[in-house]
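Student: I would like to learn how to read a model of two chains, one feature at a time. Could you take me through it slowly?

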Amino acid sequence: MIDAKTLAQINGQYDCPSEAGPAWREAMALGLDMSLVEYNLSLTPWERLLRNDQAAAFIRAAQNAERSQYGSTD
Amino acid sequence: MDQLTEILQRLHDGNVEFCLIGGLAAVHYGSTFVTVDIDVCARFTRENLKRLEATIANLHPFHRMTRDRRPLELTDELMASLKNLYLGTDLGVLDCLSKVAGIGGFEEVMSRSVLRCFPFGQCYVLKIEALIDTKMAIGSAKDKLVASQLKAIQERHLHQKL
């Protein structure tokens with residue numbers, strides 16, 4: 001039997017750590033997904049940079065695809 | 001293909017005097033905001049700028065803010081009046097600044113930087129508290145959000161040290 005709290009987490013509700021300080025809670029209140037920050041903090045700084053490279057490459061590829069389909073917006 | 005980490009490595013290997021600032025420094029600390037450029041504060045001396053030019057020479061660097069995508073060609077005349085370099089390269093965008101908002105020039109930036117280890121060696125990265133200061137000084141909506149994340153990350157680091 002899964003309890004309600006665990007079920008909510010499975011469904012994507014962020015469980016703010018009890019030890020979270022005011023800055024963490026303020027960032028949450030601004031709508032920032034702190035579960036992603038927690039994930040990032042589980043990586044090494046170098047792994048974070050490599051993941052950014054991958055994301056940046058994806059963004060660039062999407063921009064290029066849009067440009068080739070709809071033309072330059074310059 | 002964006003490979004900002006390779007640009008970082010090239011700057012390191014080319015003995016360019018620089019400090020990593022901006023969005024990539026924020027990513028390094030754990031920010032989730034993806035950035036498509038690498039921002040550095042560099043010493044704007046003739047020698048350092050020539051090292052920078054040499055280390056990215058085969059990446060077809062150009063002044064990305066010029067409409068005609070003018071190739072990077074650092075003459076003595078140009079270097080004497082340079083404050084920033086906004087460059088496009090085959091590996092992505094590289095912005096080099098001589099001053100950083102909320103902090104100051106290269107020496108002030110270095111005094112608020114820390115040496116961090118990467119697989120290729122060590123690079124200076126702006127300290128998280130200084131990065132927050134500059135993000136707040138820039139003051140755009142996005143920069144304020146990044147600053148909020150960085151404050152939360154800094155708080156967590158401080159809490160873990162207690």
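The dialogue below goes from confidence to the overall form of each chain, then to the sheet, the core and the contact.

Student: Before I look at any detail, what scores does the model carry?

Tutor: This is a predicted model, and its overall scores are an ipTM of 0.86 and a pTM of 0.91. Where pLDDT is low, the predicted coordinates should not be read in detail. Here chain A averages a pLDDT of 90, with 96% of its residues scoring at least 70, while chain B averages 95, with 98% of its residues scoring at least 70.

Student: Where in chain A is confidence lowest, and where is it highest?

Tutor: Within chain A, the lowest confidence falls in helix α1 (residues 4-10), whose mean is 87, and the highest falls in α2(A), at 96.

Student: How many helices and strands does chain A have?

Tutor: A count of elements is a good place to begin, and chain A has 4 helices and 0 strands, so that from the N terminus on its elements read α-α-α-α. The next step is to set the radius of gyration beside the value expected for the chain length: for the 74 residues of chain A the globule rule gives 11 Å, whereas the radius is 18 Å, well over that value, and chain A is therefore more spread out than a compact globule. Along the principal axes, its C-alpha atoms fill a box of roughly 50 × 30 × 25 Å, and buried residues make up 15% of the chain.

Student: What does the same reading give for chain B, in helices and strands?

Tutor: Chain B has 7 helices and 9 strands. Its radius of gyration is 16 Å, close to the 15 Å that the globule rule gives for 162 residues, so chain B is as compact as a globular protein of that length. The C-alpha trace of chain B spans about 50 × 35 × 30 Å along its principal axes, and 43% of its residues count as buried. It also helps to ask how far apart in sequence the touching residues are: among contacts in chain B between residues at least 6 apart, 61% join residues at least 24 apart.

Student: In what order do the strands of the sheet in chain B lie?

Tutor: To read a sheet, one follows the strands from neighbour to neighbour, and in chain B 7 strands form an open sheet in the order β3-β4-β5-β2-β1-β9-β8, with mixed pairing. At the edges stand β3 (62-63) and β8 (113-118), each with a single partner strand, so one side of each is left without a neighbour in the sheet. The partner of β3(B) is strand β4 (residues 84-89), paired in the antiparallel sense over 2 bridges, and there Phe62(B) stands opposite Gly88(B).

Student: Which strands pair with β2(B), and are these pairings parallel or antiparallel?

Tutor: Strand β1 (residues 18-21) of chain B pairs with β2(B) in the antiparallel sense over 4 bridges, whereas strand β5 (residues 92-97) of chain B pairs with β2(B) in the parallel sense over 5 bridges. Val40(B) shows both pairings, being the bridge partner of Leu20(B) and also having Cys96(B) as its bridge partner in β5(B). Strand β2 (residues 37-42) of chain B is mostly covered, with 5 of its 6 residues buried.

Student: Which residues have the most contacts inside the largest nonpolar core?

Tutor: That core has 53 residues, and those with the most contacts inside it are Cys19(B), Leu20(B), Val40(B) and Cys41(B). Leaving aside its neighbours within four places in sequence, Cys19(B) is in contact with residues including Val40(B), Cys41(B), Val109(B) and Leu126(B).

Student: Is helix α2 of chain B mostly covered or mostly exposed?

Tutor: Helix α2 (residues 22-29) of chain B is mostly covered, since 8 of its 8 residues are buried, among them Leu24(B), His28(B) and Tyr29(B). After α2(B) comes Gly30(B), whose phi is positive, near 125 degrees.

Student: How many residues does each chain bring to the contact between chain A and chain B?

Tutor: Chain A brings 26 residues and chain B brings 26 residues. On the side of chain A, α2 (22-29), α3 (34-41) and α4 (45-70) each supply at least two residues, and the largest share, 12 residues, comes from α4(A). By class, this side of chain A has 17 nonpolar, 3 polar and 6 charged residues.

Key. Residues are numbered from 1 along each chain as its sequence is written. Chains are lettered from A and ligands numbered from 1 in the order in which they are written. This is a predicted model: local features need pLDDT of at least 70, side-chain atom pairs count only at pLDDT 80 or more; totals for chains, interfaces and linings use all residues. Two residues are in contact if their C-beta atoms, placed from the backbone, lie within 7 Å. Ala, Val, Leu, Ile, Met, Phe, Trp, Tyr, Cys and Pro count as nonpolar, Asp, Glu, Lys and Arg as charged, and the others, Gly among them, as polar. The radius of gyration is taken over C-alpha atoms; the globule rule is 2.2 Å times the number of residues to the power 0.38. A residue is buried if 20 or more other C-beta atoms lie within 10 Å of its own, exposed if 12 or fewer, and partly exposed in between; C-beta atoms are placed from the backbone. pLDDT is the predictor's confidence in each residue, from 0 to 100. Two strands pair if DSSP finds at least two bridges between them. A nonpolar core is a set of buried Ala, Val, Leu, Ile, Met, Phe, Trp, Tyr and Cys residues joined through C-beta atoms within 7 Å.
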